[in-house]
Every structure is written in C-alpha cells, then in structure tokens.
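The following exercises concern a structure with more than one chain. Please work through each task before reading its solution.

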Amino acid sequence: MDTNELTSPGYEIPPEAQGTVAITTIDRIYNWGRRASVWPMMFGLACCAIEMICTAASRFDLSRFGMEIMRPSPRQSDLMIVSGTVTKKMVPTIVRLYNQMPEPKYVLAMGACASGGGPFKEGYNVVSGIDKFIPVDVYVPGCPPTPQALLNGLMKIQEKITNEPTKTARWYQKGEDQVSIPIPILGPDLIDPRKIPQIKNHKGS
Amino acid sequence: MATLAPTQTLDLTERFPSAVTPDARPGYSGWIVNSQNLVEFAATLRDEFGYDYLSSVTGVDYLPEGRMEVVYHAFKTTGGPGVVFKVQVPRQDPVEVPSLISVYPGVELQEREAWDLLGIKFVSHPDLRRVLMWEGFAGHPLRKDWKEPYFEEDVKPLKNRWPEGRIVQAESKNPFGDNVAYPEGFDPDESQFDPEKALYDSLRKCQVEEVGLKSDHLLVNMGPHHPSTHGVFRMAVILDGETIVSLKPVMGYLHRNHEKIGERNTFLMNMPYTDRLDYLTSMSNNFAYALAVEKLMGVKPPERAEYIRVIMAELTRIANHVWAVGFLLNDLGAYFTPMLYGQEERELILDIFEAVAGSRMMCNYFRFGGVARDVTDNVLQKIKDHAFERLPRKVDEIERLLADNEIIRSRGIGQGILTAEDAIRYSAAGPLLRASGIPYDIRRADPYSIYDRFEFDVAVRQNGDIYDRMMIRFDEMRQSIRIIQQAVRGLPKGEIQAGRPQYTVRVPAGEAYGRVEGPKGELGFYIVSNGKPNPWRYHVRAPSFINLTAFEPMSVGQKIADVVAILGSIDIVLGEVDR
C-alpha cells in the first residue's frame with residue numbers, strides 16, 4: 001500500500017486535513033503491519049537451513065521484508081520455516097514447537113523433504129512431508145531451494161497475510177483460539193495419536 | 001589413493017598363528033581374526049605394530065552366506081597405508097563380538113551405531129544403546145532381511161512404477177497410507193513407550209562421588225531445537241551448579257537412512273546423496289565416494305580432471321572453514337558479525353560452484369573416472385582472481401579481526417582441551433586432531449589423487465584448546481590457497497572423463513575403502529560390491545560423527561556456557577553426524 005493510496009482514499013476530507021489524514025480499513029492497515037514484521041523461528045533441520053541462513057545474511061538480506069529477527073523461541077515467532085528432512089525421531093519435537101507458537105502462525109515447508117519426503121522419502125526414519133502432521137501454508141520446491149526461491153515463498157506468505165480478513169480469522173474468534181495437535185509417539189514405529197483406532201483395527205483384521 | 005597394506009609386507013599370521021588368517025576372497029584384502037582373540041590382536045596391533053588410530057568400524061550383513069562381519073580399518077598416525085581386519089560371526093541371535101573399547105576408545109559411537117543398525121552386540125561395551133534410532137524401535141534396519149514400510153523392491157531401478165500407465169505411489173501399498181509399519185499384533189494402548197529412559201540411566205551412571213557440601217544435580221537437555229547446536233543435535237547434561245558432571249550426545253534427529261537407501265541405489269545414483277551428507281562440503285564428499293568406487297573399478301581419471309577435483313575440494317575446504325569460524329564466533333556471543341565476513345567469502349565460492357556444477361550447495365559434480373563438466377575459461381579466471389588476489393587478503397582480514405580479540409582469547413585459550421593422546425585414542429580427525437599437536441593429514445600421510453605433487457604444510461597447533469581449533473582453520477585455509485594456486489598454474493588441457501560417461505557402471509566384486517581429508521576430518525567410504533549394479537554394503541565413515549566421541553571427555557568439568565563453544569570448535573554438521 002503506497003502513501004499516495006493512503007492519503008487520497010477517495011473520501012471527502014476537509015481541505016486543512018488533506019495529506020495528513022489517512023483513511024483505510026482495519027484489515028488493510030492491520031495486515032500491512034503484520035506482513036511486514038513476520039518473525040521466523042530460528043529453526044534449522046537440514047541442508048535447507050544453510051540456505052535459510054544465507055537468505056538471512058547480507059547478500060539476500062531478509063531484513064528487506066522485515067523478517068530479519070529470527071527468534072529461537074517458538075513463543076515469540078509467527079512463522080515456522082520447516083527447513084529440511086523431517087525424521088520420525090524429530091517430528092514430536094516439531095509438533096510440540098508448533099503447538100507452542102502463538103496464533104496467528106504460519107508454516108512454510110522449505111524444500112522437497114519438508115514438502116513430501118524428497119529424495120529420502122523411502123527411508124525408514126523419514127516422514128513423508130511435514131503436512132502429515134501440521135498444516136502448511138506455503139510449499140517451496142527445490143533441493144535445496146535457492147535463497148531467491150525461499151524469498152519468493154516468503155512473499156507468498158505475505159500475500160496470504162495481506163488477504164486475511166480479520167473478521168473471520170479463526171484466531172480472532174471467541175473461545176478456544178489455539179488448535180493444538182496431538183504429539184506423535186515414538187513406539188516400535190512412529191505413532192500418530194489420531195490414527196490409534198486405525199492401528200488397533202489393523203491389528204484386529 | 002588410500003591403499004591398504006598388501007598381505008605380503010605385513011605378516012600377521014606369523015605373530016598370531018592360530019588366530020589370524022589372510023582374507024583370501026577375490027577382491028578382498030586384510031585379515032580375518034578369530035572373535036575370541038580380537039581384543040588381544042588389536043592391542044598387539046596398536047602396541048607392537050604401531051597402528052594407533054582406528055578410523056572406521058562397521059558391520060556387513062552377508063545374508064546369503066549366513067554370517068555377519070565386523071570390519072575395522074586401522075592406521076598409523078605417523079602415516080602410511082593402513083591395515084584392515086575383520087571378525088566373522090554366524091548370523092544368529094544374538095550376534096556377539098567383543099568390544100574394542102578398551103583398546104581404542106574411539107569405537108564407542110561406531111559400535112553403538114553397528115548395534116543400532118545391524119544388531120551386532122558388542123560384549124563389554126559399557127553403554128550399548130541405540131544411537132541413531134530411538135530406544136524401542138522395532139528391528140535393526142540395515143540387516144538385509146529387514147524391510148522398511150515403503151519397501152518396493154530390493155534394488156533400483158525399480159522395475160515398474162507405472163503398471164498400465166497409472167502411477168502407483170508407495171503410500172497406496174501401505175495399510176496405513178503412511179511411512180509406518182508395526183509389529184504383528186501391536187496394540188498402542190497396551191504398550192508403554194519411554195525412549196528416554198535408557199539415556200537418563202546412562203547419564204546418571206557417570207555421576208561422581210560428592211566431596212564437601214552436598215549439592216543437588218540438575219539434568220538439562222539442550223536441543224534438538226537449540227540455536228547453538230548447529231542443527232538438530234541434542235546433548236543431555238547433568239550439572240552441578242554450572243559445571244558439567246556428565247554429558248551424553250544424543251543424535252539421530254536427522255537420520256535419513258543414507259546407507260539403507262544407498263544399498264538400494266545404483267553406484268552412480270549415490271553420488272547426489274553424498275552431497276547431502278555434509279551439506280557444506282559436497283565436493284569433498286563426492287571426492288571420497290568417487291575414490292572408493294574408482295578403486296574397485298580400477299579406473300583413473302585424466303590429468304585435467306584430477307586438477308579440477310583438487311581445486312574444487314580445496315575451495316570447499318575454505319568455504320567450510322570460514323563458515324565454521326563464523327559459527328564458532330556466534331556460539332561465543334559475537335552474534336552474526338564475524339559470520340557475515342565469512343559468509344561473503346563463502347557466497348563468492350558458491351558462485352564458482354554454481355558456474356561449474358549448476359548448483360550452489362549440492363554440486364553432484366564428480367563422476368567415476370572424472371568430473372561432470374569442464375571448467376570454462378571464465379570460471380578459471382574467477383578462481384585465479386580468488387586464489388591469487390582476494391582470498392589471501394580476506395583470510396588475513398578475518399584473522400586480524402578475530403585472533404587478538406580479548407573475549408575470544410579468554411574464552412578460547414585453555415578451554416576444552418583435548419590432549420594429543422586422547423585425540424588419537426578417541427579417533428578424532430581433521431582440525432580437531434591437528435589442533436592437538438598431531439600432524440596427521442591424509443593428503444600427506446597417505447596421499448590420494450595428485451596431492452603428492454603439491455607443496456604445502458600440514459597445519460598443526462599444539463594446545464588442543466578452543467582457540468587453537470579456531471586458529472588452525474586459518475592455517476588450513478592458507479595452505480588450501482597455496483594448493484589452489486599451484487593447481488591453477490598446473491591445470492593441463494585435455495579430457496575430463498576417462499572413457500565414456502555411463503549411467504550404470506560395472507563394478508567388480510570386492511571391497512574398497514576410499515578416504516579423503518575432508519574439511520571436517522577423515523571422510524571414508526567403505527563399499528562392498530558383489531558384482532551387481534548396486535553396492536552390497538555402503539558405509540560412510542563420517543568425521544563429524546566420530547569426532548563427537550571426544551566431546552564428552554572434553555566437556556566434563558567445564559562450565560555449561562563453554563560446552564557450546566567446544567561443540568562449535570569441533571565443527572559438526574548434522575547431516576553427516578546422523579546420515
């Protein structure tokens with residue numbers, strides 16, 4: 001939203017206040033502020049994390065998007081960049097971190113592995129994509145995606161934020177505002193608590 | 001190229017007439033030791049023959065022959081070829097082999113890995129827990145009769161993914177539609193899961209007698225999500241106040257089943273996977289794997305390819321070391337400023353990689369008997385500018401920025417000491433070993449490729465503390481620049497690939513161990529071929545993983561804040577630790 005658009009909104013403004021008063025909708029100004037200060041979680045899983053660090057460093061400069069403040073704590077971050085292969089041993093931690101993030105929160109699956117298992121999909125310790133457990137907003141393809149590709153993915157997140165109506169957003173509604181996902185269990189293999197009935201059924205059959 | 005000791009020059013059967021026989025299988029070398037005599041044999045090998053450095057331990061599952069084999073590679077830190085010895089045991093439950101931890105303490109993590117993945121039980125190992133998978137996981141995945149949930153066929157290329165033109169995905173064949181499988185009759189409600197119990201028990205075992213005032217001990221977990229663990233590494237520590245009483249590294253959070261996938265792939269298909277081992281140094285990883293397979297195939301790359309390989313491997317070393325120094329400084333609290341200096345140089349080197357290989361990080365550039373693409377004159381000019389103009393200046397600049405900084409000196413000097421004896425005992429490799437005063441560099445000790453033609457010094461520092469481990473990286477970068485300068489001058493014209501490049505290579509049956517001096521230390525690939533298009537066994541001797549064996553002895557007695565710096569000075573990459 002550029003300044004011109006803000007200061008000449010098409011409404012009748014008294015001449016003495018023209019150029020100093022801006023009229024807009026709550027949604028637009030609020031989302032404009034929100035999208036320009038997305039704080040990603042400082043959270044690297046594998047190779048993609050290196051490209052994520054490169055994106056944050058001087059050459060590609062994530063701070064142009066207001067995203068240079070990477071928070072190591074999930075409680076201070078808005079965006080989880082799942083940067084690398086999600087393994088069965090790691091996925092309980094990732095789900096726990098996701099549950100700890102405050103709303104509104106976004107997830108970006110960076111690279112082939114986080115999106116669907118990638119080259120390691122057939123491995124016995126690999127989860128075929130983080131979207132088996134947590135909802136993903138943007139998928140960035142590549143192995144690893146270049147910093148430019150990650151930036152493009154982050155701009156997609158910004159686009160999504162821009163178009164989110166405050167009125168209907170889930171996390172501004174009354175009542176329980178947090179969707180928490182049951183933590184997977186490490187048994188003889190990874191157990192998704194949501195699938196326990198299915199596992200028991202299978203035993204019966 | 002790392003050549004193993006030929007049977008003729010070293011006659012161990014004379015010393016051990018009843019316990020040792022030469023390995024006579026075609027394509028194999030070394031010695032087969034009786035399992036009862038193993039510890040005695042290893043102690044003699046170390047004390048009488050001078051093989052003080054046990055670099056690699058791994059197991060091989062010979063399912064058709066019905067036996068398991070444990071393979072050891074030992075070397076002398078004074079240089080020269082190594083010796084390989086094996087123990088064969090029948091493939092029955094349990095598979096038991098005596099542990100060598102009393103002779104070579106560096107086997108600790110490697111034996112745990114062999115137990116975890118192959119189910120080889122090392123008798124008298126004090127802490128034989130799973131290391132990469134979690135405690136309670138069903139089965140030992142690298143056994144040849146163990147099938148993963150997405151199992152389709154034993155080897156690739158898979159015959160038919162598109163029956164009648166319709167794509168079939170692995171998910172559709174699995175009863176749960178996911179990458180999971182449970183034992184027969186498994187009921188999640190009737191089972192108890194506690195994957196952490198064994199770890200905490202083992203931590204508490206190491207507690208020492210209390211002296212003086214009684215104080216409570218505190219158990220702290222750092223990681224797997226922690227900004228200073230360089231990825232998904234986790235350490236569980238017991239603290240007395242701020243002092244470390246006991247520490248256990250916990251890994252496997254990035255265990256991507258490299259070896260299992262690698263044993264299904266064809267030989268060439270593994271090349272891009274090696275990129276993803278230590279993802280900061282893909283060229284070096286390619287190098288070691290190419291060397292191992294070339295040794296089996298008996299091909300030799302043409303001159304130009306050899307020079308290009310050396311240039312790329314040394315550029316990789318510089319890119320890795322600026323990154324390592326930058327991250328060590330991050331861990332010491334200099335948040336991101338020194339990192340940015342290093343990053344700038346790394347980005348410029350990555351530009352060169354992108355120009356020759358097409359990718360910034362995952363280069364996939366080496367081929368068996370050559371390299372994938374030629375280096376153009378433009379790129380060569382860029383490398384020259386770097387090697388002769390920019391890099392020497394920049395390495396000096398970063399060193400000037402850091403070397404005399406008061407904080408770095410006071411936190412680095414005398415902290416996290418690893419003595420020379422311990423470094424050898426714990427099989428530490430690379431800068432970690434050389435910073436402790438052992439001038440052991442495979443490029444000199446057992447030259448491979450064309451390293452014997454270049455003039456360079458083996459960087460070595462004497463104190464073995466955090467500061468020396470940082471400074472040795474500057475020394476190594478300078479030597480790498482020297483090598484690149486000589487290689488660029490000597491780069492001949494000509495072919496870059498021996499013979500025609502081919503997708504499926506014929507590899508004769510046998511075994512080979514190819515190793516290079518990677519930026520993190522000795523990177524080795526142990527490959528067993530049975531003449532088929534796929535390796536029978538594909539094992540990675542990962543320097544980051546084995547260097548962590550020395551992490552606990554270095555850290556006990558230090559403060560918790562220093563442990564972060566000690567870990568930073570080892571320079572690990574989780575892709576390689578966990579594979």
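Helices, of at least four residues, and strands, of at least two, are DSSP runs numbered from the N terminus. The model is predicted.

**Exercise 1. Locate the cis peptide bonds of chain A described here, and state where each proline lies.**

Step 1. The bond joining Glu103(A) to Pro104(A) is cis, with omega about -10 degrees. Pro104(A) is placed in the loop that runs between H4 and strand S2 (106–110) of chain A.

Step 2. A cis peptide bond also leads from Cys143(A) to Pro144(A), where omega is near -10 degrees. The loop that holds Pro144(A) lies between strand S3 (138–140) and helix H6 (147–162) of chain A.

**Exercise 2. Describe the five-stranded sheet of chain B and the helices that pack on it.**

Step 1. Begin with the strand order. The sheet is open, its pairing is mixed, and its strands follow the order S1-S2-S5-S4-S3 in chain B. Strand S1 (20–22) and strand S3 (53–62) of chain B form the edges, each pairing on one side only. Neighbouring strands are turned against each other by 25 degrees on average, direction ignored.

Step 2. Add the helices. Helix H2 (residues 38–47) of chain B packs on this sheet and touches S1, strand S2 (31–33), S4 and S5 of chain B. The direction of H2 makes about 175 degrees with that of S5(B). Helix H3 (residues 108–118) of chain B also packs on the sheet, where S3 and S4 of chain B are touched. The direction of H3 in chain B makes about 10 degrees with that of S3(B).

Step 3. Examine one strand pair. In chain B, strand S4 (residues 67–75) and strand S5 (residues 83–90) are antiparallel and share eight bridges. Within this sheet, Glu69(B) has Gln88(B) in S5(B) as its bridge partner.

**Exercise 3. How much area do chain A and chain B bury between them, and which residues take part?**

Step 1. Establish the extent. The two chains bury about 5,400 Å² between them, with 63% of it on carbon and sulfur atoms. Three residues, Lys89(A), Glu122(A) and Tyr124(A), supply 17% of the area that chain A buries against chain B, more than any other three residues. Chain A brings 52 residues to the contact and chain B brings 64 residues.

Step 2. Count the polar pairs. There are 26 residue pairs in polar contact between chain A and chain B, counted where both residues have pLDDT 80 or more.

Step 3. Assign the side of chain A to its elements. Those giving two or more residues to the side that touches chain B include helix H3 (47–56), helix H4 (91–100) and helix H7 (196–204) of chain A. H7(A) gives the most, with six residues. By residue class, this side of chain A divides into 29 nonpolar, twelve polar and eleven charged residues.

**Exercise 4. How many salt bridges cross the interface of chain A and chain B?**

Step 1. Eight salt bridges are found across this interface, while the structure holds 62 over all chains.

Step 2. Consider individual pairs. The side chains of Asp178(B) and Lys132(A) form a salt bridge at 3.9 Å, N to O, which falls within the 4 Å cut-off. A salt bridge also links the side chains of Arg59(A) and Glu347(B), at 2.7 Å from N to O.

Step 3. Place the second pair. Arg59(A) lies in the loop between H3 and strand S1 (79–83) of chain A and Glu347(B) in helix H10 (residues 337–357) of chain B, so this pair joins two chains.

Terms used. Residues are numbered from 1 along each chain as its sequence is written. Chains are lettered from A and ligands numbered from 1 in the order in which they are written. This is a predicted model: local features need pLDDT of at least 70, side-chain atom pairs count only at pLDDT 80 or more; totals for chains, interfaces and linings use all residues. Side-chain values use heavy atoms; hydrogens and water are left out. Two strands pair if DSSP finds at least two bridges between them. Axes are lines fitted to C-alpha atoms, for helices over the stretch in contact, and angles run from 0 to 180 degrees between N-to-C directions. Contact means heavy atoms within 4.5 Å. Buried area is the accessible area (1.4 Å probe) that two parts lose on being put together, summed over both. A polar contact is a pair of N or O atoms within 3.5 Å; within protein, one must be able to donate a hydrogen and the other to accept it, and residues adjacent in sequence count only if both atoms are side-chain atoms. Ala, Val, Leu, Ile, Met, Phe, Trp, Tyr, Cys and Pro count as nonpolar, Asp, Glu, Lys and Arg as charged, and the others, Gly among them, as polar.
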